[in-house]
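Trainee: I am new to this structure and would like to go through it by question and answer. May we begin once the structure is shown?

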Amino acid sequence: MVGGEAAAAVEKLVSGVRQAADFAEQFRSYSESEKQWKARMEFILRHLPDYRDPPDGGGRLDQLLSLSMVWANHLFLGCSLLDSL
């Protein structure tokens with residue numbers, strides 16, 4: 001039954017997206033607006049596969065979260081590296 005298989009695949013995909021969004025929600029800053037958080041959450045979820053922590057605990061997730069804040073600050077606040085010099 002192709003229709004049932006397709007529905008099951010869609011449900012699995014939706015469930016995975018929901019779990020990823022729930023995972024990312026723990027990293028939301030209390031000062032972020034809804035617009036800023038949605039953009040930063042999309043950034044995190046888009047790059048998460050490249051920043052999975054290795055078994056030895058290399059801290060790659062921390063690096064991704066830091067980069068997401070730098071990106072959001074640049075995008076929404078206009079911050080740049082030159083501002084800190």
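Mentor: Let us first settle one term: a polar contact is a pair of N or O atoms within 3.5 Å, and within protein one must be able to donate a hydrogen and the other to accept it. Please also keep in mind that this is a predicted model.

Trainee: With which side chain does the side chain of Glu32 make a polar contact?

Mentor: Glu32 lies in the loop between helix H1 (2-25) and H2. Among the residues that Glu32 touches, leaving aside those up to four places away in sequence, are Phe27 and Met69. The polar contact of its side chain, at 2.6 Å, is with the side chain of Arg40.

Trainee: Is Glu32 buried or exposed?

Mentor: A residue counts as buried when its relative accessible area is under 20%. Glu32 has a relative accessible area of 10%, and therefore the term that applies to Glu32 is buried.

Trainee: How many helices does the protein chain have?

Mentor: Read from the N terminus on, the elements of the protein chain run α-α-α. The secondary structure comes to 0 strands, and the number of helices is 3.

Trainee: Which helix gives the largest share of the largest nonpolar core?

Mentor: This core has 10 residues in all, including Ala24, Tyr51 and Leu65. Two elements give two or more residues to the core, namely helix H2 (34-47) and helix H3 (60-77). The largest share, 4 residues, comes from H2.

Trainee: How far does H2 reach from its first C-alpha to its last?

Mentor: Buried residues in H2 include Trp37, Ala39 and Ile44. H2 has 14 residues, and at 1.5 Å a residue the expected reach is 20 Å. The reach in the model is close to that expectation, at 20 Å.

Trainee: Which residues does Phe43 touch, not counting residues up to four places away in sequence?

Mentor: Phe43 is one of the buried residues in H2, and Phe43 also belongs to the largest nonpolar core. With residues up to four places away in sequence left out, Phe43 touches Leu64, Leu67, Ser68 and Trp71.

Trainee: What distance separates the C-alpha atoms of Leu61 and Tyr51?

Mentor: Leu61 has its place in helix H3, and Leu61 counts as buried because its relative accessibility is 16%, where the cut-off is under 20%. Leu61 and Tyr51 are both members of the largest nonpolar core. They are 10 residues apart along the chain, and their C-alpha atoms are separated by 5.6 Å.

Key:
Residues are numbered from 1 along each chain as its sequence is written. This is a predicted model: local features need pLDDT of at least 70, side-chain atom pairs count only at pLDDT 80 or more; totals for chains, interfaces and linings use all residues. Side-chain values use heavy atoms; hydrogens and water are left out. A nonpolar core is a set of buried Ala, Val, Leu, Ile, Met, Phe, Trp, Tyr and Cys residues joined through side-chain atoms within 4.5 Å. Buried means under 20% relative accessible area, exposed over 50%, partly exposed in between (1.4 Å probe, protein chains only). Contact means heavy atoms within 4.5 Å. The expected span of a helix is 1.5 Å times one less than its number of residues.
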